[in-house]
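Trainee: I am new to this structure and should be grateful for a guided reading. Please begin with a term that I shall need.

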Amino acid sequence: RVLGWSFGASYCLSLLAYFAPAFANLRPFDWLCLPAASAWHWTVRPSLSYVGQGMIMGQRSALSMLAGALTAWAVLGPMAVSRGW
């Protein structure tokens, strides 16, 4: 029963994001008035499938993925652009 409700909620959220693209990628740095982060087009994609993935994965692997993403996008990306790669 819970799986059915979760699937329905995920479906409705995906449908909303399809017909109202503003809900597909939220831009929190625009709301926080951080133009440097907004220039990199960093967005948050609200999806219940990410919640399901987090339930399946362990905490160690999830934190490792988060650290890798932050290192890649917040450190290596600006470094590559500044060096003209």
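Mentor: A pocket is an open set of points on a 1 Å grid over the protein atoms alone, where a 1.4 Å probe fits and protein lies on both sides within 12 Å along at least five of seven lines; its lining residues have an atom within 4 Å of a point. The model is predicted, so local features need pLDDT of at least 70 and side-chain atom pairs pLDDT 80 or more, while totals for chains, interfaces and linings use all residues. Residues are numbered from 1 along each chain, and side-chain values use heavy atoms, without hydrogens and water.

Trainee: Which element gives the most to the lining of the largest pocket?

Mentor: This pocket holds about 400 Å³ of space and is lined by Tyr50, Gln53, Gly54, Met57, Ala62, Met65, Leu66 and Ala69. Two or more of these residues come from each of helix H4 (48-56) and helix H5 (59-82), a helix being a DSSP run (H or I) of at least four residues, numbered from the N terminus. With four residues, the most is given by H5.

Trainee: How many residues in the lining of the largest pocket are charged?

Mentor: Asp, Glu, Lys and Arg count as charged; Ala, Val, Leu, Ile, Met, Phe, Trp, Tyr, Cys and Pro as nonpolar; and the others, Gly among them, as polar. The lining divides into six nonpolar residues and two polar ones, and the number of charged residues is none.

Trainee: Which element supplies the largest share of the lining of the second largest pocket?

Mentor: The second largest pocket has a volume of about 160 Å³. Leu3, Ser6, Phe7, Ser10, Leu48, Ser49, Val51, Gly52 and Met55 line it, divided into five nonpolar, four polar and no charged. H1 and H4 each supply at least two of them. The largest share, five residues, belongs to H4.

Trainee: Phe19 takes part in a nonpolar surface patch; about what area does the patch have?

Mentor: Phe19 sits in helix H1 (residues 2-19) and is exposed at 62% relative accessible area, since exposed means over 50%, buried under 20% and partly exposed in between (1.4 Å probe, protein chains only). A patch takes residues with over 30% relative accessible area and no salt bridge, joining nonpolar side chains within 5 Å and like charges within 9 Å. Phe7, Tyr11, Leu15, Tyr18 and Phe19 make the patch, whose area is about 660 Å².

Trainee: Which side chains meet in a salt bridge?

Mentor: A salt bridge requires a side-chain nitrogen of Lys or Arg within 4 Å of a carboxyl oxygen of Asp or Glu, and the whole structure has one. One partner lies in the loop between H1 and H2 and is partly exposed at 28% relative accessible area; the other is partly exposed at 38%. At 2.9 Å, N to O, the pair is Arg27 and Asp30.

Trainee: How far apart in space are Arg27 and Trp42, C-alpha to C-alpha?

Mentor: Arg27 is also of interest for its place relative to Trp42. The two are 15 residues apart in sequence, and their C-alpha atoms are separated in space by 6.8 Å.

Trainee: Which residue other than glycine has a positive phi, near 60°?

Mentor: The residue lies in the loop between helix H2 (28-31) and helix H3 (35-39). It is exposed, at 62% relative accessible area. The residue with this phi is Cys33.

Notes
Areas by Shrake-Rupley, 256 points an atom, 1.4 Å probe, with all protein chains shown as cover. Points joined across faces, edges and corners; volume = space filled by probe spheres on them.
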